[in-house]
Amino acid sequence: MKKWLLGAIFAGVVAIGAACSNQSSMQGHDMSGMNMEKENTSAETSKQQLPLATHTEVLSGNEIYLTAKEALLPINGQVKLPVYTYNGSVPGAQIRVKQGDKVKIIVKNELPEPTAIHWHGYPVPNSQDGVPGVTMDAIKPGETFTYEFTATVPGTYWYHSHQKSAEQVDKGLYGTLIVEPKNEEKVDRDYTLVLDEWMSDPNAGSHSDMNMSSMNHSHMGHGNSSDGQQMGMNMGHDMSMYDLFTINGKSGAAIEPLKVKKGEKVRLRFINAGYMSHQLHLHGHEFQIVATDGQPLKDPQPIKDELLNIAPGERYDIEFIANHPGEWLLECHGNMKGADGMKVKIQYEGQVNNTDKANAKENLPVVDMTTYGKYETGLFTLDQKYDVEYTMDLGTAMGKNGMIFTINGKTYPDTAPIHVKTGDFVKVKIVNNSPMDVHPMHLHGHFFQVLSKNGKPVTGSPLIKDSLNVNPGEEYVVAFKADNPGNWMFHCHDLHHASAGMVTEVKYTDYKSDYTPDPNDTTNKGE
C-alpha cells in the first residue's frame, strides 16, 4: 500500500522538502458510511470483499485482545486502500492503561502472513519485545500469542509490527499505547493524533518493487528529528510517491475536527508512524511541549507560531488552553503535495466560528528541543566516566543488490554490537555521514539522555528519548544505563534503511535468553 511497494533500491536521488502530517482523536468516528467515488484497482480485485476499516476503539483493563486482519481504509472521499489493521482500524485499537497495571495482550493473527508486535519505546522485558528471530518466533497465520508486561512508565507510546516491518507498518499495522500516570494532572480534552503517509495509487510504485528480502538482513528500527528537514528521497525509496498524508488514517475533509470549549486545557499526543518528518503548526494559541517520547520536560515555556518537527517513531505531547474562540487549524508545513491533507480543524463548541486561513508556506522557526525547557543536570553528563563507549557512524554505500545503509561500514547482522552488562553506564556518539539521508535512530528497551548536538551541550530540559532523528552531517552524543537485560535492537526507524542494513544490537553479556531461534524457520523476519 504505502511504503511496502517502495521497497525498491533506486540509483538516483530525488530531493524533496520537509513533509508534514496530523490526525484526529484515536477515539475516532466511523467513516464506513462515506461515499467512495473511487476505489483503487488493487482493492477492486482480490481485496474487494474486505470489510471497511472503521473507527478506532479504546481498550483498557488487564486483558486486551487484538486481531491483526485485512480491511479497506477510506482515506478520503475518493480513495480507499487495502490495509492491515489491528481490530479493523488504522490506527489500530488504542490500548489505554494505568501506571502499575499488569497487562496481558492476546494477539490473534488473521493475516495471510506471519506477524509480531513491538512495543515502541516501552521498556518491556526482553522476551516481550516482539522481534522475530531475536526474542520470539513470528506469529503464523491462524495462531495466537500472548504478551505480558507491567505498565511501569507513564506516557505516550505506540505498537507496530516488527515482522517485515517496512512492509507491514507501511500497510497500516500499528496502534497506540497510552499509560496514564498514577497522579496525573487532569486535562479537559485528550486527543491522540497519528501521522502517516500513503500512495493514492499503490500500483504507481510497482515498477520499483524490487524484493528487498533478497538481501540478507534480519532486523529493523525507528526515529526522531530536531531541525525538521526531510533531506531527500532517502535513496532507498522514492518518497515523492507518497501523495496522501493522514491523521488517524484520514486525509483532508475526512478528518474529524477536534472539539474544545473555551477555558479548557487540551492535550494533543502526536505519534509519527510514517517514514517522513512532519512539521506541525498550531494556529491561534500558545502551547507547551510537555513530553517527548513519553518522557516529561522540565518547566516547558509557552511558545507560539513555531513549528514542531516530529520525526519517524517520535512522540510529542503538547498542551494549550482553549482561550481564543473560533475555528483554528493544526496544519502540516512542507512542499510535498500530500501535506495539504494533513490538517485538522480545532472547533470551539457553542461559538460562532471565524474560519482560520491555512498558510502552510509561511516561514516559521522550528522549535529547538536542545534549548527548550529549564536546564537541569540529568542522570548523565558529558564528562563523567562511562563503562562502555561506542561510536555509531551512519553511512550509505552501493551493495551488489543496490543501496545499503551501514553502521561503521557494516550491515546487519555483521555490525558490531554494543556489549554491556547490567548496571553499565553507556555513551554512544551517533554521526550521520550519509550525504542526503535522514536517520531516525531508535533504541529498544531503554531511554537515553541526549547530551550534545554537533559538539554543543544540551542547555534546555534534560532530553530523555528512545528515538532521535539525525540529519546529514549531524553528530549527537547520548547516554543510557544498561538497566533492562536482554538483546535489543538499535536501528534506523526509516524501516527501509533498517531492512537494508542499518541495525545493530545492544547485547548484555550477563543475560541468557530462554528463546532459541529455529535455524530452519525462514518465516522469522524481525526487520
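**Figure 1. Salt bridges around Glu180.** The structure holds 23 salt bridges, and the model in which they are found is a predicted one. This view is centred on Glu180. The side chains of Arg96 and Glu180 meet in a salt bridge, with 2.7 Å from N to O. Arg96 belongs to strand 4 (residues 92-98) and Glu180 to strand 9 (residues 174-180), so the pair ties together parts that are 84 residues apart in sequence. Arg96 counts as buried because its relative accessibility is 13%. Glu180 is likewise buried, its relative accessible area being 14%. Glu180 also forms a salt bridge with Lys98, where the closest N and O atoms are 2.7 Å apart. This pair, too, links distant parts of the chain, with Glu180 in strand 9 and Lys98 in strand 4, 82 residues apart. Lys98 has a relative accessibility of 45% and therefore counts as partly exposed.

**Figure 2. The salt bridge of Asp317 and Arg269, and the network to which both belong.** The side chains of Asp317 and Arg269 are joined by a salt bridge of 3.4 Å, N to O. Asp317 lies in strand 18 (residues 315-321) and Arg269 in strand 13, so that distant parts of the chain, 48 residues apart, are linked by the pair. Asp317, at 2% relative accessibility, counts as buried. Arg269 counts as buried as well, at 3% relative accessibility. Through salt bridges that share partners, Arg96, Lys98, Glu180, Asp190, Arg267, Arg269, Asp317 and Glu319 are joined into one network. The residues of Figure 1, namely Arg96, Lys98 and Glu180, are thus members of this network together with Asp317 and Arg269.

**Figure 3. Surroundings of Asn272 in strand 13.** Asn272 is placed in strand 13 (residues 265-272). With a relative accessibility of 0%, Asn272 counts as buried, since the limit for this class is under 20%. A polar atom of the Asn272 side chain lies 2.7 Å from the backbone oxygen of Met276. When neighbours within four places in sequence are left aside, Asn272 is in contact with Trp158, Leu195, Glu197, Ser277, His278, Ile310, Ala311, Pro312, Gly313 and Glu314.

**Figure 4. Aromatic pairs and an aromatic cluster.** A pair of aromatic rings is described by the distance of the centres and the angle of the planes. The count of aromatic pairs in this model comes to 10. One of them is formed by Trp119 and Tyr147, which are edge-to-face, at 5.4 Å centre to centre and with 80 degrees between the planes. This pair links distant parts of the chain: Trp119 is in strand 6 (residues 117-120) and Tyr147 in strand 7 (residues 144-150), 28 residues apart. Trp119 and Tyr147 are both buried. Phe380 and Tyr386 form a stacked aromatic pair, with 6.2 Å between the centres and 25 degrees between the planes. Phe380 is buried, as is Tyr386. One aromatic cluster is made up of Tyr86, Trp119, Tyr122, Phe145, Tyr147, Phe149, Tyr157 and Tyr159.

**Figure 5. Two nonpolar cores.** In soluble globular proteins, nonpolar side chains tend to be buried together. The largest nonpolar core of this model comprises 90 residues. Within this core, Leu268, Ile289, Met392, Ile418, Ile430 and Met441 touch the most other members. Strand 10 (residues 189-198) gives the most to the core, contributing 5 residues. A second core, separate from the largest, has 29 residues, among them Tyr86, Val107, Tyr147 and Tyr159. Of these, Tyr86, Tyr147 and Tyr159 also belong to the aromatic cluster of Figure 4.

**Figure 6. Glu349 in a loop between two strands.** Glu349 is located in the loop between strand 20 (343-348) and strand 21 (388-399). Its relative accessible area is 31%, so Glu349 is partly exposed. The side chain of Glu349 makes a polar contact of 3.3 Å with the side chain of Arg189. Not counting residues up to four places away in sequence, Glu349 touches Arg189, Lys259, Val260 and Lys261. Glu349 and Glu327 are 22 residues apart along the chain, and a distance of 9.6 Å separates their C-alpha atoms.

How values were computed:
Residues are numbered from 1 along each chain as its sequence is written. This is a predicted model: local features need pLDDT of at least 70, side-chain atom pairs count only at pLDDT 80 or more; totals for chains, interfaces and linings use all residues. Side-chain values use heavy atoms; hydrogens and water are left out. Rings of Phe, Tyr and Trp (its six-membered ring) pair if their centres lie within 6.5 Å; planes under 30 degrees apart count as stacked, over 60 as edge-to-face and the rest as tilted. Helices (H or I, at least four residues) and strands (E, at least two) are DSSP runs, numbered from the N terminus. Buried means under 20% relative accessible area, exposed over 50%, partly exposed in between (1.4 Å probe, protein chains only). A nonpolar core is a set of buried Ala, Val, Leu, Ile, Met, Phe, Trp, Tyr and Cys residues joined through side-chain atoms within 4.5 Å. A polar contact is a pair of N or O atoms within 3.5 Å; within protein, one must be able to donate a hydrogen and the other to accept it, and residues adjacent in sequence count only if both atoms are side-chain atoms. Contact means heavy atoms within 4.5 Å. A salt bridge is a side-chain nitrogen of Lys or Arg within 4 Å of a carboxyl oxygen of Asp or Glu.
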